[in-house]
Amino acid sequence: MQTIETYDFSGKRALIRVDFNVPLNEKFEITDDTRMRAALPTIKKVIEKGGSPVIMSHLGRPKEGPEDKFSLRHLVDHLSELLDGATVKIAPDCIGAEAQKMAGEVKPGEVLILENLRFHKEETKGDEAFAEQIAKNGDCWINDAFGTAHRAHASTAVIAKFFPNDKMFGYVIGSEIKSLDKVLHSPSRPLTAIMGGAKVSSKITIIENLLDKVDNLIIGGGMTYTFVKARGGKVGNSICEDDYLDMAKNIEKLAKEKGVQIILSSDVLAADDFSNDANTKVVPSDEIPDGWQGLDAGPESIKDMMKVIEESGTILWNGPVGVFEFETFAKGSRAIGDAIVAATKKGAFSLIGGGDSVACINQFGLADDVSYISTAGGALLEYLEGKELPGIAAVRGE
Ligand code: AMP
């Protein structure tokens with residue numbers, strides 16, 4: 001398989017699928033350029049090795065063809081700034097004669113952006129003829145959009161067949177895969193996963209997949225109460241998915257069979273209202289009175305969770321263990337963050353992924369003290385579920 005390191009880019013047009021789906025305000029200013037910054041190492045490497053980057057991406061969700069508010073034109077000046085003033089041009093469309101002409105004229109050090117791929121409905125349909133048209137803009141294809149790697153779209157997967165020997169991962173996807181595989185396939189033991197968030201239903205497939213891999217599984221957040229109730233406990237008004245009680249019992253059974261230690265809160269911080277100013281009290285997790293709901297882990301549970309995390313060699317955190325948006329109920333998630341940082345300092349590998357745990361780690365200012373933060377949403381969850389992502393398979397396939 002080709003890599004950016006081994007591939008000879010000199011004199012070649014490198015078609016790079018990036019994720020430039022950045023938020024814009026009403027003046028079309030970029031309010032968070034994280035995704036653009038993430039793509040810079042790949043773009044710079046191509047330039048450094050004598051290639052001409054031809055960048056393609058989607059932006060927003062245009063419904064019926066081109067719409068100015070979703071034009072990648074709004075990103076041109078900022079990309080130029082990020083590339084130290086390099087000339088960045090934009091083609092009026094991602095396919096057609098003009099795009100091809102412009103792609104053929106990119107001078108050394110310059111960059112061309114193709115207009116929003118999703119101005120054509122064929123992109124999300126994974127249309128092969130459309131993929132062939134886009135492919136005409138490059139001599140090789142680099143997939144660097146992990147955020148869309150779980151989609152079999154024209155530019156993220158189908159296009160691969162037009163570059164059988166000239167396709168590779170960019171640095172964004174490359175480091176996501178490396179970090180995730182380190183956790184899932186070659187972890188330093190013990191491996192601990194912390195699964196939090198609101199609902200069991202959205203995490204069940206991940207939990208099932210992780211049971212084959214982890215030594216410890218910390219179950220926190222709103223999921224706690226479905227498990228507690230399945231064990232026969234009283235959960236008061238806590239969030240609970242009654243349809244999933246059997247599923248929770250089955251997970252406990254499987255965990256026992258596989259030798260996985262499940263850590264479930266023994267005590268919780270309960271509230272008489274879903275609000276930051278609610279009255280609170282610490283109660284055993286299986287004796288929550290009616291009218292009260294568990295909104296964070298209790299002090300004993302926090303101690304138990306921290307101990308397990310601090311003794312781990314590898315840690316995966318997905319989902320807060322309490323309603324961290326309310327300061328009153330952020331202590332548990334904060335403690336998890338601190339324990340992960342302490343373990344990382346001692347040499348553990350820590351991966352934080354999934355929107356809300358990333359928000360947590362940022363809110364607590366701990367982002368620089370963990371090993372890896374994945375910013376992908378759906379793609380990350382599907383990877384953790386053990387699914388093969390089309391955007392990855394397409395690059396790897398013969
Ligand atoms: P998810 O997107 O599934 O990771 O869920 C994240 C959300 O779960 C956050 O907004 C938290 O506020 C919420 N959450 C965590 N713990 C609880 C809880 N005990 N009760 C209700 N919501 C919770």
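Domain bounds here come from an automatic or database domain assignment. The model is predicted: local features need pLDDT of at least 70, side-chain atom pairs count only at pLDDT 80 or more, and totals for chains, interfaces and linings use all residues. Residues are numbered from 1 along each chain as its sequence is written, and side-chain values use heavy atoms, with hydrogens and water left out.

**Exercise 1. The two domains**

Find the domains of the protein chain and describe the contact between them.

Solution.
Step 1. Domain 1 covers 13-172, and domain 2 covers 187-384.
Step 2. Taken over C-alpha atoms, their centres are 37 Å apart.
Step 3. Count the residues in contact (heavy atoms within 4.5 Å). Domain 1 gives five residues and domain 2 gives six residues.
Step 4. Take the buried area, which is the accessible area (1.4 Å probe) that two parts lose on being put together, summed over both. For these domains it is about 460 Å², with 69% of it on carbon and sulfur atoms.
Step 5. Which residues of domain 1 lose the most area to domain 2? They are F146, G147 and H150, which together make up 80% of what that side buries.
Step 6. Look for salt bridges (a side-chain nitrogen of Lys or Arg within 4 Å of a carboxyl oxygen of Asp or Glu). The rule finds zero across this interface.

**Exercise 2. The sheet of six strands**

Work out the strand order of the six-stranded sheet and place two helices against it.

Solution.
Step 1. Fix the terms. Helices (H or I, at least four residues) and strands (E, at least two) are DSSP runs, numbered from the N terminus. Two strands pair if DSSP finds at least two bridges between them.
Step 2. The sheet is open, its pairing is parallel, and its order is β9-β8-β7-β13-β14-β15.
Step 3. Find the edges. β9 (261-264) and β15 (372-374) each have a single partner strand, so one side of each has no neighbour in the sheet.
Step 4. Read the twist. Axes are lines fitted to C-alpha atoms, for helices over the stretch in contact, and angles run from 0 to 180 degrees between N-to-C directions. From one strand to the next, the twist averages 15°.
Step 5. Zoom in on one pair. β13 (residues 314-318) and β14 (residues 349-353) run parallel and are joined by four bridges. Here T314 stands opposite F349.
Step 6. Add the helices. α6 (residues 171-185) lies across β7 (191-195), β13, β14 and β15, at about 120° to β14. α11 (residues 331-345) lies across β7, β13 and β14, at about 155° to β13.

**Exercise 3. The sheet of three strands**

Describe the order, edges and twist of the three-stranded sheet.

Solution.
Step 1. This open sheet has the order β11-β10-β12, with antiparallel pairing.
Step 2. β11 (280-284) and β12 (293-297) are the edge strands, and each pairs on one side only.
Step 3. Neighbouring strands are turned by 45° against each other on average, direction ignored.
Step 4. β10 (residues 267-271) pairs with β12 over four bridges. The bridge partner of A271 is Q293 in β12.

**Exercise 4. Two backbone details**

Locate a cis peptide bond and a positive phi.

Solution.
Step 1. The bond from R189 to P190 is cis, with omega near -5°. P190 sits in the loop between α6 and β7.
Step 2. F28, a residue other than glycine, has a positive phi near 65°. F28 lies in the loop between β1 (13-17) and α1 (34-48).
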